[in-house]
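The report below describes the fold and the side-chain packing of a single protein chain. It begins with a residue of the interior and works outwards to the sheet and the loops.

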Amino acid sequence: MNISHMCRLFLGQLQLIHIASFGLIGSRGSIGNFISKHPDSIPIYRNNQNHLKILSKDEMIIAAVPFRSVEDVLKTIPSERQKDLVFLCNGMVNLDQVSTCAELYFGVKEDGSLISSDYPPFTSVFGLHAENFARVLGDLGVKTEVIKDLPDFERLRFAKLVWSSAFWLLCHCHCHCHVGSVPIGKVDKKLQNDLIDELIDVVTKSDEFNLGPNNRTQFPQKEMKRDVLDYASLMQHVTPSFELAMEEIESRNGWFTARCKTDVHSRLLQSIKN
């Protein structure tokens with residue numbers, strides 16, 4: 001067998017090996033930059049999608065973008081590839097629009113190192129590419145749960161929305177203290193609990209929490225508060241970004257103000273505006 005024939009045979013065998021790559025939109029943010037460390041990641045730019053051609057037609061495309069960019073991503077990614085998008089963001093992505101959504105319960109420090117826990121709540125993912133996304137984060141050291149039951153995923157989504165809406169307010173209304181200092185330092189525990197309870201109450205009264213096809217579960221108010229407080233404990237040494245919170249205020253705090261009149265929440269928002 002000559003060398004030329006051997007090379008052709010070797011290349012043919014390589015073509016039979018499928019390397020599971022994935023596209024990544026938003027690699028400049030802290031979460032996107034962290035995920036970009038995975039060796040199988042391929043950067044996708046919304047203004048230049050040539051890298052999409054490298055991916056197989058069913059390989060996932062992770063969109064590590066803020067909520068305000070969701071519609072922009074949906075408009076710029078070809079319709080035949082939108083089913084492969086996996087959205088990661090703090091706002092309430094419409095699950096009728098996307099096939100896969102993840103709720104992140106980990107953090108990334110300024111030096112790029114990971115903040116994670118071996119205890120719940122875990123980062124959770126629901127939808128078409130849930131298994132693939134869990135594999136990627138698992139490779140990066142993040143414990144990730146694949147959620148099959150929509151009400152369980154809804155609880156984690158709303159808990160993260162409450163956390164994202166509450167703790168930046170509690171921190172930045174009181175001398176930029178750390179999250180962990182909120183209940184024991186500049187802010188008393190009653191204020192923290194009052195705010196969290198008030199926001200969870202808004203979720204309870206809304207008709208947007210999916211309890212499943214037969215409303216077979218009661219609203220998980222206690223479990224949601226536990227998720228909020230446990231994640232706050234994990235992130236106790238992190239100061240939430242004021243700038244990012246203000247950019248996302250409509251999709252975070254605005255979700256609550258659009259649905260129900262609040263007391264503590266409105267008062268803290270007003271203090272920020274003043």
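Phe158 is buried, because its relative accessible area of 1% falls under the 20% limit. The model in which this value was computed is a predicted one. The residue belongs to one of the eight aromatic pairs that the structure holds, and its partner is Trp255: the two ring centres are 5.3 Å apart and the planes stand at 65 degrees, so the arrangement is edge-to-face. This pair connects distant parts of the chain, since Phe158 is in helix H5 and Trp255 in helix H9, 97 residues apart. Trp255 is likewise buried, with a relative accessible area of 7%.

A further pair involving helix H5 is formed by Trp168 and Phe242, which are also edge-to-face, with 6.0 Å from centre to centre and 65 degrees between the planes. It too links distant parts of the chain, with Trp168 in helix H5 and Phe242 in helix H8 (residues 242-247), 74 residues apart. The accessibility of the two partners is set out here together with that of the residues of the preceding pair.

| Residue | Relative accessible area | State |
|---|---|---|
| Phe158 | 1% | buried |
| Trp255 | 7% | buried |
| Trp168 | 1% | buried |
| Phe242 | 28% | partly exposed |

Phe242 is counted as partly exposed because its 28% lies between the limits of 20% and 50%. Apart from these pairs, Tyr105, Trp163, Phe167 and Tyr231 form one aromatic cluster.

**Helices around the interior**

Helix H5, which spans residues 150-172, lies across strands E5 and E8 and runs at about 50 degrees to E5. Helix H5 is also among the elements that cover the buried residues of helix H6, as are helix H7 (221-234), helix H9 (253-257) and helix H10 (264-273). Helix H6 itself comprises 17 residues, from 189 to 205, and reaches 24 Å from its first C-alpha to its last, close to the 24 Å expected at 1.5 Å a residue. Its buried residues include Leu191, Leu195, Ile196, Leu199, Ile200, Val202 and Val203, and also Gln192, Asn193 and Glu198.

**The sheet**

How are the strands of the open sheet ordered? Seven strands take part, in the order E2-E1-E3-E4-E5-E8-E9, and their pairing is mixed. The edges are strand E2 (41-43) and strand E9, each of which pairs on one side only. Neighbouring strands are turned against each other by 25 degrees on average when direction is ignored.

At one edge, strand E1 (residues 22-25) runs parallel to E2 and is joined to it by three bridges, and the bridge partner of Leu24 in E2 is Pro43. Further along the sheet, strand E5 (residues 100-103) pairs with strand E8 (residues 123-127) in the antiparallel sense over four bridges; here Cys101 has Phe126 of E8 as its bridge partner. Strand E8 is in turn joined by three bridges to strand E9 (residues 144-146), to which it runs parallel, with Thr144 of E9 being the bridge partner of Thr123. Between E8 and E9 the chain passes through helix H4 (residues 130-139), and this β-α-β crossover is right-handed.

Helix H4 packs on the sheet, where it touches E1, strand E3 (61-63), strand E4 (85-88), E5, E8 and E9. The direction of helix H4 makes about 155 degrees with that of E8.

**A loop position**

Where is Gly141 found? It is in the loop between H4 and E9. Gly141 is partly exposed, with a relative accessible area of 45%. Leaving aside residues up to four places away in sequence, Gly141 touches Leu114 and Ser116. The C-alpha atoms of Gly141 and Ser116 are separated by 8.4 Å, although the two residues are 25 apart along the chain.

**The chain as a whole**

The secondary structure of the protein chain comes to 10 helices and nine strands. Of its 274 residues, 47% are buried. Among contacts between residues at least 6 apart in sequence, 65% join residues at least 24 apart.

Methods:
Residues numbered from 1 in each chain as written. Predicted model: local features only at pLDDT ≥ 70, side-chain atom pairs only at ≥ 80, totals over all residues. Heavy atoms only, no water. Pairing = 2+ DSSP bridges. Helix = DSSP H or I, 4+ residues; strand = E, 2+ residues; numbered from the N terminus. Right-handed = clockwise from strand over helix to strand, strands pointing away. Axes fitted to C-alpha atoms, helices over the stretch in contact; angles between N-to-C directions. Contact = heavy atoms within 4.5 Å. Expected span 1.5 Å × (residues − 1). Buried < 20%, exposed > 50% of the residue type's maximum accessible area, 1.4 Å probe, protein only. Phe/Tyr/Trp six-rings, centres within 6.5 Å; stacked < 30°, edge-to-face > 60°.
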